[in-house]
Amino acid sequence: MEHPKPRRVRQLDAEEVAELITGYKAGATVYELANRFGIERRTVSGILHRHDVPMRRRGLSPDQVDTAIHLYRLGWPLAKVGNHLDVNHTTVLAALRRRGVPTRDSQGRARR
């Protein structure tokens with residue numbers, strides 16, 4: 001069985017980096033920029049960090065936490081809830097834990 005070849009990481013040129021920084025400063029999220037430029041979210045964060053761009057801390061509003069709890073209780077995985085709310089799954093997990101919501105592991109079993 002052949003293994004897929006690793007994809008080459010896309011490098012942004014100076015003009016694209018400037019556009020990415022401008023987009024972030026204008027309010028675009030790291031996730032939106034990652035999609036726009038075809039790169040990983042972590043790569044966007046790294047570029048912003050290297051260019052000393054102050055990062056916004058974006059948590060979930062109380063209404064978004066309510067939505068996350070509702071969707072999670074419907075059986076949505078953390079990643080899907082996070083994508084729906086445009087945040088990382090770990091942000092969703094932390095919000096659920098702060099509200100005392102019992103969580104599941106990746107196989108759907110209750111966590112201890």
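User: What does "buried" mean here, and what share of the 112 residues in the chain is buried?

Analyst: A residue is called buried when its relative accessible area is under 20%, and exposed when that area is over 50%. In this predicted model, buried residues make up 33% of the 112 residues in the chain.

User: How many helices and how many strands does the chain have?

Analyst: The chain has six helices and zero strands. Read from the N terminus, its elements run α-α-α-α-α-α.

User: What is the radius of gyration of the chain, and what would a compact globule of 112 residues have?

Analyst: A compact globule of 112 residues would have a radius of gyration near 13 Å, whereas the chain has 17 Å. The spans of the C-alpha trace can be read beside that value: along the principal axes they are about 45 × 45 × 20 Å.

User: What part of the contacts joins residues 24 or more positions apart?

Analyst: Take the contacts in the chain with a separation of 6 or more; residues 24 or more positions apart account for 54% of them.

User: What does the chain expose, and how are its charged side chains placed?

Analyst: The exposed area of the chain is about 8300 Å², and carbon and sulfur atoms supply 50% of it. There are 21 positive and 12 negative side chains, with the centres of the two sets 9 Å apart.

User: Now a single helix. Which residues of H2 are buried?

Analyst: Helix H2 covers residues 30-37, and its buried residues are Val30, Leu33, Ala34 and Phe37. They lie on the same side of H2 because they cover an arc of only 105 degrees around the axis.

User: What do the buried residues of H2 pack against?

Analyst: Their partners are helix H1 (14-25) and helix H3 (41-50). H3 can be read in the same way: its buried residues are Val44, Gly46, Ile47 and Leu48, and these pack against H1 and H2.

User: What comes just after H2?

Analyst: Glycine 38 follows, with a positive phi of about 70 degrees.

User: Which residue with a positive phi follows H3?

Analyst: First the general idea. Most residues other than glycine have a negative phi. Aspartate 52, which is not a glycine, has a positive phi of about 55 degrees. Its place is the loop between H3 and helix H4 (62-73).

User: Is aspartate 52 buried or exposed?

Analyst: Aspartate 52 has a relative accessible area of 68%, so it is exposed.

User: Where is threonine 103, and is it buried or exposed?

Analyst: Threonine 103 sits in the segment after helix H6 (89-98). Its relative accessibility is 9%, so threonine 103 counts as buried.

User: Which residues does threonine 103 touch?

Analyst: Leaving aside residues up to four places away in sequence, threonine 103 touches Tyr72, Leu93, Leu96, Arg109, Ala110 and Arg111.

User: How does alanine 79 count at 44% relative accessibility, and where is it found?

Analyst: Alanine 79 is in helix H5 (residues 78-85). It counts as partly exposed because its relative accessibility is 44%, a value between the cut-offs of 20% and 50%.

User: How far apart are alanine 79 and histidine 89 in sequence and in space?

Analyst: The two are ten residues apart in sequence, while their C-alpha atoms are 4.8 Å apart in space.

Terms used:
Residues numbered from 1 in each chain as written. Predicted model: local features only at pLDDT ≥ 70, side-chain atom pairs only at ≥ 80, totals over all residues. Heavy atoms only, no water. Buried < 20%, exposed > 50% of the residue type's maximum accessible area, 1.4 Å probe, protein only. Helix = DSSP H or I, 4+ residues; strand = E, 2+ residues; numbered from the N terminus. Arc of directions from axis to C-beta. Contact = heavy atoms within 4.5 Å. Rg over C-alpha atoms; globule rule 2.2 N^0.38 Å. Areas by Shrake-Rupley, 256 points an atom, 1.4 Å probe, with all protein chains shown as cover. Lys, Arg positive; Asp, Glu negative; His and termini not counted. Charge placed at Lys NZ, Arg CZ, Asp CG, Glu CD.
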